[in-house]
Amino acid sequence: MKFIKFLLVGIFFGIVLVKSEAVSWYRIYEMFRFQSFHMYGIIGTAIACGVLFLQISKKGFIKSISGAHIFVPKKDNSIARYIIGGSIFGLGWALIGACPGPMYILLGTGVYAMLIVIAAAILGTFIYGVLKDKLPH
């Protein structure tokens with residue numbers, strides 16, 4: 001019961017994404033073909049909110065659920081890993097029409113083919129975990 005608030009926020013977030021058509025394959029298709037600003041507006045708003053809340057948490061105004069200060073470690077400056085990883089993520093997003101969060105939302109809306117996508121994403125994560133030490137970081 002302690003985590004019910006997170007479940008409720010997740011359900012609310014899912015409803016917002018469905019109503020804003022952010023999980024619509026057609027909207028994602030329009031975005032990758034540069035035919036509509038809709039998804040770029042949603043993603044831009046998410047980035048702006050993320051930056052804002054990250055800066056607020058760094059100032060100490062927002063704390064973790066246990067009351068501890070939120071610490072964000074510095075990222076490595078290697079550009080290649082972000083370009084390669086982002087390209088793989090983008091290709092998967094373009095092919096499937098959903099990024100990781102909306103996969104579960106689409107499953108919840110009755111798109112049961114997403115079970116295959118979720119299984120493949122979990123398998124890919126497992127394979128990355130096995131190969132992580134052998135990959136360039």
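# Exercises on a predicted helical chain

S36 is buried, its relative accessible area being 19%. The model treated in these exercises is a predicted one.

## Exercise 1. The surroundings of S36

Determine where S36 lies, why S36 counts as buried, and which residues beyond its sequence neighbours S36 is in contact with.

Solution.

Step 1. Locate the residue. S36 belongs to the loop between α2 and α3.

Step 2. Apply the cut-off. A residue is buried when its relative accessible area is under 20%. The value for S36 is 19%, and S36 is therefore buried.

Step 3. List the contacts. When neighbours within four places in sequence are left aside, S36 is in contact with R27 and E30.

Step 4. Place a distant residue. P102 is 66 residues away from S36 along the chain, and the two C-alpha atoms are separated by 19 Å.

## Exercise 2. Confidence and overall form

State how confident the prediction is, and describe the secondary structure and extent of the protein chain.

Solution.

Step 1. Begin with the whole chain. Its mean pLDDT is 83, and 99% of the residues reach 70 or more.

Step 2. Turn to the elements. The lowest mean pLDDT among them, 80, belongs to helix α2 (residues 25–32), and the highest, 90, belongs to helix α6 (residues 114–131).

Step 3. Count the elements. The protein chain has six helices and zero strands, and its pattern along the sequence is α-α-α-α-α-α.

Step 4. Give the extent. Along the principal axes, the C-alpha atoms fill a box of roughly 40 × 40 × 35 Å.

## Exercise 3. The annotated transmembrane regions

Identify the residues to which UniProt assigns the feature "transmembrane region", and describe the model over residues 38–57 and 78–98.

Solution.

Step 1. Consult the record. The unreviewed UniProt entry places this feature at residues 38–57, 78–98 and 104–131.

Step 2. Examine residues 38–57. This span is 100% helix and 0% strand, with 29 Å between its end C-alpha atoms.

Step 3. Examine residues 78–98. Here the chain is 86% helix and 0% strand, and 27 Å separates the end C-alpha atoms.

## Exercise 4. Two residues with positive phi

Describe the backbone angle, the location and the exposure of E21 and of F34.

Solution.

Step 1. Recall the general background. Most residues other than glycine have a negative phi.

Step 2. Consider E21. Its phi is near 65°, a positive value in a residue other than glycine. E21 occupies the loop between α1 (4–19) and α2. Because its relative accessibility is 35%, E21 is classed as partly exposed.

Step 3. Consider F34. Its phi, also positive in a residue other than glycine, is near 55°. F34 is situated in the loop between α2 and α3 (38–58). With a relative accessible area of 67%, F34 is exposed.

## Exercise 5. Positions that are far apart in sequence

For L95, A68 and L135, give the location, the exposure class and the distance to a second residue.

Solution.

Step 1. Fix the upper cut-off. Exposed means over 50% relative accessible area.

Step 2. Treat L95. This residue is part of helix α4 (residues 79–96). Its relative accessible area is 70%, so L95 is exposed. From L95 to G44 there are 51 residues along the chain, and their C-alpha atoms are separated by 22 Å.

Step 3. Treat A68. This residue sits in the loop between α3 and α4. A68 is partly exposed because its relative accessible area is 37%. I4 is 64 residues away from A68 along the chain, with 20 Å between the C-alpha atoms.

Step 4. Treat L135. This residue is in the segment after α6. A relative accessible area of 37% makes L135 partly exposed. L135 and L54 are 81 residues apart in sequence, and C-alpha to C-alpha they are 29 Å apart.

## Exercise 6. Burial, surface and charge

Summarise the protein chain by its buried residues, contacts, accessible surface and charges.

Solution.

Step 1. Of the 137 residues, 18% are buried.

Step 2. Among contacts with a separation of 6 or more, 29% are between residues 24 or more positions apart.

Step 3. The accessible surface is about 10700 Å², and carbon and sulfur atoms contribute 73% of that surface.

Step 4. The chain has 13 positive and 4 negative charges, whose mean positions lie 11 Å apart.

Definitions and conventions: Residues are numbered from 1 along each chain as its sequence is written. This is a predicted model: local features need pLDDT of at least 70, side-chain atom pairs count only at pLDDT 80 or more; totals for chains, interfaces and linings use all residues. Side-chain values use heavy atoms; hydrogens and water are left out. pLDDT is the predictor's confidence in each residue, from 0 to 100. Helices (H or I, at least four residues) and strands (E, at least two) are DSSP runs, numbered from the N terminus. UniProt positions are given in the numbering used here, feature names are shortened, and annotations may be inferred rather than shown by experiment. Buried means under 20% relative accessible area, exposed over 50%, partly exposed in between (1.4 Å probe, protein chains only). Contact means heavy atoms within 4.5 Å. Accessible areas come from the Shrake-Rupley method with a 1.4 Å probe; for residues, only the protein chains shown count as cover. Lys and Arg count as positive and Asp and Glu as negative; His and the chain ends are not counted. The place of a charge is taken as NZ of Lys, CZ of Arg, CG of Asp or CD of Glu.
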